[in-house]
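Hi,

Here is the model I promised to pass on. Have a look at it first, and then read my notes below.

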Amino acid sequence: MSNTPNELRYSSSHEWARLEADGTVSIGISDHAQEALGDVVFIELPEVGAQLEAGQTAGVVESVKAASDIYSPISGKVIAINEELADQPELVNAEPYDSWFFRVNPSNPAELEQLLDAAAYQAACSADA
Amino acid sequence: MGQRTPLFDQHLAFGAKMVDFGGWDMPLHYGSQVEEHHQVRRDCGVFDVSHMTIVDITGAQAQDWLQHLLANDVARLGFMGKALYSAMLNEAGGVIDDLIVYLTDFGYRMVVNAATRDKDLAWMQRQTTGFDVTLTERSDLAMLAVQGPNARAKVATVVANARASLIDGLKVFQGLPEGDWFIARTGYTGEDGLEIMLPATEAASFFNELVGIGVAPIGLGARDTLRLEAGMNLYGQDMNEETSPLAANMGWTIAWEPQERNFIGRAALESQRTQANLPKLVGLVLDERGVLRAHQLVKVAGIGEGEITSGTFSPTLGKSIALARVPATTADRAEVEIRGKCYPVRVVQPNFVRQGKILV
């Protein structure tokens, strides 16, 4: 059974979103997603400064198995990307919830509330399987 | 539910992620495919390959029949146990399957792919007409591959003395029986190692014993990256019934001499051989970040286009590699289209890693 922390919000396309103390939102992929992908070998991240719409393609995760698009679960401007993942993509497998991909300054914080909570996301994953 | 090998319960017990492979429930990995890959290159690991099909060939005309059936020539098997890699072709010269055949005291033992079992056996049976030959499928046997630089030494510590000394004396590409086991120094990884055929009833305890002394179980995921680094073809991906072996880097497996040996597909190959425009199977290396995958488009400037047949991330190189079928005149550079963007690749001999060493 994969790990689904309660304090995060999730998208049905398997990204997680965390509201940070400064009001920005960190985004990564869920434990369920990394397990399904297998060993992650490359990550393509958005450019800092890019303006993303909720549901828009924001990057690509390449695993030994396949290439998967990453979607931004909320709208906003990219203010940081996690450079560490370029050299150590395997961190996504080891620590999916510490391995944030990018941070956005949300243009509409209410979008967070529209994402799935842990229980709803877990239910969605079980329905998939 | 798919077919299960005698080691199905062991795979679950060791935490395997199971997948369907040619109708069989097989382990993809037991945690990390990349770690398993490194384990084989640096030490050794054990693969369950019991899904593969073993066929014993007996009868007074076993040799004549195989000389008719196979593109390679079993007359080349110069000593007991020697193994031969060959294509089995249809009349049009397309590859029905690739296989290994061993010379044995009873005749020959052949190992063919799992996913092609039914069509292979039907084809082979049909070709026996007029030959004094009998085919016996050995579904009573399991098969384990133990591969890696330390494979032979480690296996030797958990088997009886007679088997240990047999392993010590085996030549590369030779397989010999010991009791009801058959131990061969062959494999699909580019490393030294063994493929061991043994009674299915003994497979689980032998597998457990190997894991017990630190030989890691390895899934099909790492099997694929290991064979691709070694430049070995995968049937159904790098060649099939529509592919000539001459366009699949298998020219070396065709025994043209003696000219009077009229193997199935020979006439078609003879005419293909004179064509200068037959494509070739090459290796590709992507030095930038990204992963080459099967069916991606290969562009060769001023010459034409080709296609990736197998692509992956190579754990040993730390970058992506592929096998690709490209125009015959392709030199040492090409481009691959990944998600609409073109990336430069190096075109190399399809042999990336051998015995732990990077060749490209």
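In the interface, 15 residues of chain A are in contact with 12 residues of chain B. Keep in mind that this is a predicted model. Together the two chains bury about 1200 Å², with 46% of that area on carbon and sulfur atoms. Between chain A and chain B there are 11 residue pairs in polar contact, counting pairs where both residues have pLDDT 80 or more. On the chain A side, the elements that give two or more residues to the surface touching chain B are α1 (31-37), β4 (40-44), β6 (57-63) and α2 of chain A. By type, the chain A residues that touch chain B divide into 8 nonpolar, 1 polar and 6 charged.

The salt-bridge rule finds 4 across the interface of chain A and chain B. One to pull up on your screen is R339(B) with E44(A), where the closest N and O atoms are 3.1 Å apart.

Now for chain A itself. UniProt, in an unreviewed entry, lists residues 24-105 of chain A as "domain: Lipoyl-binding". Over that stretch the chain is 18% helix and 41% strand, and the C-alpha atoms at its two ends are 5 Å apart. D87(A) lies in helix α2 (residues 84-87) of chain A. Is D87(A) buried or exposed? Its relative accessibility is 62%, so D87(A) counts as exposed, the cut-off being over 50%. If you want a distance to check, the C-alpha atoms of D87(A) and V104(A) are separated by 22 Å, with the two residues 17 apart along the chain.

On to chain B, starting with a helix. Helix α3 (residues 62-69) of chain B has A62(B), W65(B), L66(B), Q67(B) and L69(B) as its buried residues. An α-helix has 3.6 residues a turn, so residues three or four places apart point the same way. Which elements cover the buried residues of α3(B)? The cover includes the strands β4 (53-58), β5 (83-89), β6 (95-103), β7 (108-112) and β8 (134-137) of chain B, along with helix α4 (117-126) of chain B.

Next, a spot that comes with an annotation: the unreviewed UniProt entry places a "binding site" at E195(B). E195(B) is in strand β12 (residues 193-199) of chain B. At 8% relative accessibility, E195(B) counts as buried. Leaving aside neighbours within four places in sequence, E195(B) is in contact with Y102(B), L144(B), A145(B), Q147(B), F182(B), I183(B), A184(B), T186(B) and G187(B).

T253(B) is also worth a click. T253(B) sits in the loop between α8 (220-229) and α9 (266-273) of chain B, and is buried, with a relative accessible area of 0%. The side chain of T253(B) reaches the backbone oxygen of M250(B) at 2.7 Å. Not counting residues up to four places away in sequence, T253(B) touches A71(B), N72(B), Y85(B) and A87(B).

Last, the C-terminal domain. UniProt puts "domain: Aminomethyltransferase C-terminal" at residues 280-353 of chain B, again from an unreviewed entry. This part of chain B is 0% helix and 61% strand, and its end C-alpha atoms are 20 Å apart.

Cheers

Technical notes
Residues numbered from 1 in each chain as written. Chains lettered and ligands numbered in written order. Predicted model: local features only at pLDDT ≥ 70, side-chain atom pairs only at ≥ 80, totals over all residues. Heavy atoms only, no water. Helix = DSSP H or I, 4+ residues; strand = E, 2+ residues; numbered from the N terminus. Buried < 20%, exposed > 50% of the residue type's maximum accessible area, 1.4 Å probe, protein only. Contact = heavy atoms within 4.5 Å. Buried area = accessible area lost by both parts, 1.4 Å probe. Salt bridge = Lys/Arg side-chain N within 4 Å of Asp/Glu carboxyl O. Polar contact = N/O pair within 3.5 Å; in protein donor to acceptor, adjacent residues only side chain to side chain. Nonpolar A, V, L, I, M, F, W, Y, C, P; charged D, E, K, R; others polar. UniProt positions renumbered as here; feature names shortened; annotations may be inferred.
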